[in-house]
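Let's take a walk through this one together, starting with the cysteines and then moving on to helix packing. Have the coordinates open as you read.

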Amino acid sequence: RGALLFFGEARCVECHQVGGRSNEMFSDFKLHVAGVPQIAPFFGTGTSNMIYDGPGRDEDFGLEQISGNPADRYMFRTSPLRNVALQAAFFHNGAFVKLEDALRYHLDVVESARDYDAARAGVAMDLTSRLGPIEPVLERLDPKLSTPVELSSAEFADLLAFVRDGLLDPRARKEVLCRLVPDAVPSGLSTLEFEGCD
């Protein structure tokens, strides 16, 4: 049922494609303005490895940082959805920490963007002491995301189940991958340490 919504009424497949270049990764690998909230950490400009844009140095201009073209402002590549349930955060800046919140956000971007609260979204406070302006982002919103999608709570649960469980390869779970880390390598050098693998 969730797959039928994904490919149909919920319109997810318009950006999270499965054919052509996508090679079933559930991404068109194109750049879109998805209306992502502009979060900026408290330590501000010049004190992190992130470049902040705009007059308040609290925006991420996205592709424009690379291209220099103002028409590319706020554009980011569509994330692939294979194994998305294993991600620790969602969107290019980690604006959400729960998959269900990121999915619900997509269903009504304009309202959700205006109502966004980083604390409610579960983002650590040291990363979100201030929000950049959202209206300039929404003015450039991809038309594919401008019309809200109405789903019942049961339909939303079905869609979430498909994205979370149907697109998850159980072999990608940490406990499986940690078993693949070798104890030694032929060069004799020490092996890398992976977070969460004992």
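Start with the sulfur of Cys-12: the closest cysteine sulfur is in Cys-15, 9.4 Å away, which is too far for a bond. A disulfide here would need the two sulfur atoms within 2.5 Å, so Cys-12 doesn't pair up. Flip the viewpoint and you get the matching story, with Cys-15 finding its closest cysteine sulfur in Cys-12 at 9.4 Å, again too far. Keep in mind that you're looking at a predicted model.

So how tucked away are these two? Cys-12 has a relative accessible area of 14%, so it is buried. Cys-15, at 11% relative accessibility, counts as buried too.

Now, where does a disulfide turn up? The structure holds 1 disulfide, and it joins Cys-178 to Cys-197, with an S to S distance of 1.8 Å. The torsion about that S-S bond is about -75°, so the disulfide is left-handed. As for what it ties together, Cys-178 sits in helix α7 (residues 174–178) and Cys-197 in the segment after α7, so to speak two distant parts of the chain, 19 residues apart. The two ends also fall into separate burial classes: Cys-178 is at 18% relative accessibility and therefore counts as buried, whereas Cys-197, at 25%, counts as partly exposed. The cut-off behind that split is 20% relative accessible area, under which a residue is called buried.

On to the helices. Two packed helices are described by the angle between their axes and the distance between the axes. For helix α3 (residues 99–107) and helix α6 (residues 153–166), the angle is about 120° and the axes are 11 Å apart. That makes α3 and α6 oblique to each other, since the roughly perpendicular range stops at 115 degrees and roughly antiparallel only begins over 145. As for handedness, α3 passes α6 in a right-handed crossing.

Which residues do the touching? From α3 come Leu-99, Glu-100, Leu-103, Arg-104 and Leu-107, and they meet Phe-156, Leu-159, Leu-160, Val-163 and Arg-164 of α6. Sorted by class, this contact has 7 nonpolar residues, 3 charged ones and no polar ones.

Stay on α6 for one last stop, because Asp-158 is placed in that helix. Is Asp-158 buried or exposed? At 17% relative accessibility, Asp-158 counts as buried. If you set aside its neighbours within four places in sequence, Asp-158 is in contact with Arg-1, Gly-2 and Leu-5.

Key
Residues are numbered from 1 along each chain as its sequence is written. This is a predicted model: local features need pLDDT of at least 70, side-chain atom pairs count only at pLDDT 80 or more; totals for chains, interfaces and linings use all residues. Side-chain values use heavy atoms; hydrogens and water are left out. Axes are lines fitted to C-alpha atoms, for helices over the stretch in contact, and angles run from 0 to 180 degrees between N-to-C directions. Helices (H or I, at least four residues) and strands (E, at least two) are DSSP runs, numbered from the N terminus. Angles under 35 degrees count as roughly parallel, over 145 as roughly antiparallel, 65 to 115 as roughly perpendicular and the rest as oblique. A crossing is left-handed if the near helix is turned anticlockwise from the far one by less than a right angle, and right-handed if clockwise. Contact means heavy atoms within 4.5 Å. Ala, Val, Leu, Ile, Met, Phe, Trp, Tyr, Cys and Pro count as nonpolar, Asp, Glu, Lys and Arg as charged, and the others, Gly among them, as polar. Buried means under 20% relative accessible area, exposed over 50%, partly exposed in between (1.4 Å probe, protein chains only).
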